[in-house]
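Open the structure in your viewer and keep the selection panel at hand. The stops below are meant to be taken in order.

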Amino acid sequence: MQLAKGTTEKMWRKALGITAVLVFLGFGAVVVSLFRWQILRGEEMSTAALDQSLTSTTLNAMRGTIYDATGKVLAQSASVWTVVLEPAYFADYDDPEATRQKVASGLASILDMEETEVYEKTQGNSYFVYLKRKVETSVRDEINQFLEAEGISCGVRLIEDYKRYYPYGTVASTVLGFTGTDGQGLDGVELQYDTELRGTSGRLISSRNALGTDMPFEYEQYVEAQDGNNLVLTIDETVQSGAVAIMMDVDTGAILGLATTPSYDPNDPFTIYDENLQAQIDALPEDEQDAAFNEAQLKQWRNKAVSDTYYPGSVFKMCTYAMGLEEGVVTEQTTYTCTGGIT
């Protein structure tokens, strides 16, 4: 009996020792893991958690206005609207399915979209789904009238955005340049002074729950955009005309006009403005049209008055004649026989 009791105690001690080692290793592994994730990679994990729980939507700032020397507006931004659906709110209506169909039918007609496409976007539990961007104010008014008439108080939202307009069309187009769909300057003055003109974008920050579903409106944060600065050019819109010409104020060096013809309309810069040239491109074999189209775009955007070279002989004649008149060494009746050069 004494031998059996001693053997049992040894087994228990061994079992307890093994258990203690396992517990120590287990807790040690947990401590090491916690140290790794919370201390060494804590900032990384916090950022990842925020990325999963927050979504950020950019709100464009109003781009600054470009004026000519007399105060005429050469380029300006005006309000347009982004149409957003909030499908989760449709569940709050007495007949959610009928409301979705009503919204899909009405908005598809107003926005010139396929009804099935709009209907698909009304499904789900999201609180923010893009439907259409750059919608004019007249269309926004039509949408508001439709929502009011149908008693739709939530589920559709309109967010203000901006679109660039050039009131004088082709005037000074190669000087002004144009902007892209995101409002960034792509050519001319719009590109050169893009940082000053574009302002600072705002943010619409919305939250998601543990299931990845957008949270309601009250959980959003709105960071207001800061509008861009205005820009006043030395260009005079009245002077701005001609084939390829530069007019300068000789006292100040201010450029009063810098014209290039043919030109283009910065309201629609990607369309070939010369109809005859477009017809020539259309007549080319299909595999050659893209290259010809791209070349034509670059050619019409180029400001030839500052980018191209020219033979200055005729300019020298005018300058020499003016200096001769001013110094009194020639008169308006003086004649010359040009032999090609003189020292």
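The tour goes through a pocket, then aromatic side chains, then a helix.

This is a predicted model, and residues are numbered from 1 along each chain.

**The largest pocket**

Begin with T179, G180, T181, D182 and G183. Of the 25 residues that line the largest pocket, these five lie closest to its centre. The volume of this pocket is about 600 Å³. Next select residues 156–165, which are strand β5. Which part does β5 play in the lining of the largest pocket? The strand gives the most to that lining, with five residues. Now colour the lining by residue class: 11 residues are polar, seven are nonpolar and seven are charged.

**F128, Y130 and R133**

Show the aromatic rings next. The whole structure holds six aromatic pairs. Select F128 and Y130 for one of them: the ring centres are 5.2 Å apart and the planes stand at 85°, so this pair is edge-to-face. The cut-off for that class is an angle over 60 degrees. Are the two residues buried or exposed? F128 has a relative accessible area of 15% and is buried, while Y130, at 29%, is partly exposed. The cut-off for buried is under 20%. Add R133 to the selection. R133 lies over the face of Y130, at 3.8 Å from the ring centre.

**F270 and W301**

Move on to F270 and W301. Their ring centres are 5.7 Å apart with the planes at 85°, so this pair too is edge-to-face. The pair links distant parts of the chain, its two residues being 31 residues apart. To see this, trace the backbone from F270, in the loop between β10 (255–260) and α9 (275–282), to W301, in helix α10 (residues 286–301). F270 has a relative accessibility of 42% and counts as partly exposed; W301 has 14% and counts as buried. Extend the selection to F178 and Y264, which form one aromatic cluster with F270 and W301.

**Helix α12**

For the last stop, select residues 313–327, which make up helix α12. How far does α12 reach from its first C-alpha to its last? The 15 residues of α12 reach 21 Å, close to the 21 Å expected at 1.5 Å a residue. Switch on a surface here: of the 15 residues, the number buried is one, so α12 lies largely in the open. Finish on G328, which follows α12 and has a positive phi, near 80°.

Note on methods. Predicted model: local features only at pLDDT ≥ 70, side-chain atom pairs only at ≥ 80, totals over all residues. Heavy atoms only, no water. Helix = DSSP H or I, 4+ residues; strand = E, 2+ residues; numbered from the N terminus. Expected span 1.5 Å × (residues − 1). Buried < 20%, exposed > 50% of the residue type's maximum accessible area, 1.4 Å probe, protein only. 1 Å grid on protein atoms, 1.4 Å probe; cavity = no way out; pocket = protein on both sides within 12 Å on 5 of 7 lines; lining within 4 Å. Points joined across faces, edges and corners; volume = space filled by probe spheres on them. Nonpolar A, V, L, I, M, F, W, Y, C, P; charged D, E, K, R; others polar. Phe/Tyr/Trp six-rings, centres within 6.5 Å; stacked < 30°, edge-to-face > 60°. Lys NZ or Arg CZ within 6 Å of the ring centre and 35° of its normal.
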